[in-house]
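Here is a short set of exercises to work through with the model open beside you. Try each task before reading its solution.

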Amino acid sequence: MKNFIKNITTVLLLVLSLAACSSSQSLQEYYVDSSENENFLSFDIPASILNIASEELTAEESKAVKSIKKMNVLAFKKTGENIASYKAEKAKVTNILKDKKFTQLMKINSKFAKGVVKYIGDEDAIDEVVVYGHTDEKGFAIIRVIGDNMNPAHLGQLIRAMEKSNINEGAFKDLKKVFNN
């Protein structure tokens, strides 16, 4: 009987340890791993840099702004020398974003880029919005908008609030360099 319990315990521990080890990379892990790669540009933007004048906001716009903590940006600039790396990295990102924890909010299909907007969380309480855009001529970018209880309905409010703001464009100059020739 002792051997039976010992064997069951061993099997249970083995199953639990295998279940705890995920074979797929998370988006956060991808950011960390890629930040040291010379093909990538990585930076964080605190919500305060948006410089949104709160006295000009409606109550809904103010609520949308307050739900955002920060944005993480990761961009890959494609060159003639890194085409194979670009294809491999783009495939990794596409695979990560296929995870069922991401819910698609919209597709991006413009003359400038293609991509998706996805989120993690509940419909009424989003914790993270991911904007992924790519163009085979210039590269790709992933922007993670981290917040508390963000609401998809508030995204339009946030965009309107940003239009009213005096955004410090210096924070985005490195990203502009990636996609301008």
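**Warm-up.** Are Arg-144 and Glu-128 buried or exposed?

Both Arg-144 and Glu-128 are buried. Buried means under 20% relative accessible area, exposed means over 50%, and partly exposed lies in between (1.4 Å probe, protein chains only).

Before going on, a word on the model. It is a predicted model, in which local features need pLDDT of at least 70 and side-chain atom pairs count only at pLDDT 80 or more, while totals for chains, interfaces and linings use all residues. Residues are numbered from 1 along each chain as its sequence is written, and side-chain values use heavy atoms, with hydrogens and water left out.

**Exercise 1. Trace the sheet and find its edges.**

Step 1: Start with the strand order. Six strands make an open sheet in the order S1-S2-S6-S5-S4-S3, with antiparallel pairing. Strands (E, at least two residues) and helices (H or I, at least four) are DSSP runs, numbered from the N terminus. Two strands pair if DSSP finds at least two bridges between them.

Step 2: Look for strands that pair on one side only. These edge strands are S1 (40-46) and S3 (103-109).

Step 3: Add the twist, which averages 15 degrees from one strand to the next. Axes here are lines fitted to C-alpha atoms, for helices over the stretch in contact, and angles run from 0 to 180 degrees between N-to-C directions.

**Exercise 2. Describe the surroundings of strand S6.**

Step 1: Check one neighbour. Strand S2 (residues 68-77) runs antiparallel to S6 and is joined to it by nine bridges; in this pairing, Phe-76 stands opposite Phe-140.

Step 2: Check the other neighbour. Strand S5 (residues 125-135) is also antiparallel to S6, again with nine bridges. Ile-126 has Met-150 in S6 as its bridge partner. S5 and S6 form a hairpin, with three residues between them.

Step 3: Ask how enclosed S6 is. Nine of the 12 residues of S6 (residues 139-150) are buried, so the strand is largely enclosed by the rest of the structure.

Step 4: Move one strand further. S5 pairs with S4 (residues 114-122) in the antiparallel sense over nine bridges, where Val-116 has Tyr-132 in S5 as its bridge partner.

**Exercise 3. Sort the residues of helix H3 by side.**

Step 1: List the buried residues of H3 (residues 59-66): Glu-61, Ser-62 and Ala-64.

Step 2: Look down the axis. These residues cover an arc of only 160 degrees, which puts them on the same side of H3. The arc is that of the directions from the helix axis to the C-beta atoms.

Step 3: Turn to the other side of H3, where Ala-59, Lys-63 and Lys-66 are exposed.

**Exercise 4. Find what fills the interior.**

Step 1: Place helix H4 (residues 83-97). H4 lies across S1, S2, S4, S5 and S6, at about 155 degrees to S5; contact means heavy atoms within 4.5 Å.

Step 2: Identify the largest nonpolar core. It has 16 residues, and those touching the most other members are Leu-27, Tyr-30, Val-93, Leu-97, Tyr-132, Phe-140 and Ile-142. A nonpolar core is a set of buried Ala, Val, Leu, Ile, Met, Phe, Trp, Tyr and Cys residues joined through side-chain atoms within 4.5 Å.

Step 3: See who contributes. Helix H2 (27-34), S2, H4, S5 and S6 each supply at least two residues of this core, and H4 gives the most, with four.

Step 4: Look for another core. A second, separate one of 11 residues includes Ile-45, Ile-68, Tyr-119 and Met-150.

**Exercise 5. Locate the salt bridges and say what each one links.**

Step 1: Count them. The structure holds three salt bridges, each a side-chain nitrogen of Lys or Arg within 4 Å of a carboxyl oxygen of Asp or Glu.

Step 2: Take Lys-92 and Glu-89, which meet at 3.4 Å, N to O. They are three residues apart in H4, about one helical turn. Lys-92 is partly exposed at 40% relative accessibility, whereas Glu-89 is buried at 9%.

Step 3: Take Asp-136 and Lys-90, at 3.0 Å, N to O. Asp-136 lies in the loop between S5 and S6 and Lys-90 in H4, so the pair ties together parts 46 residues apart in sequence.

Step 4: Return to the warm-up pair. Arg-144 and Glu-128 form a salt bridge, their closest N and O atoms being 2.7 Å apart. Arg-144 lies in S6 and Glu-128 in S5, so this pair ties together parts 16 residues apart in sequence.
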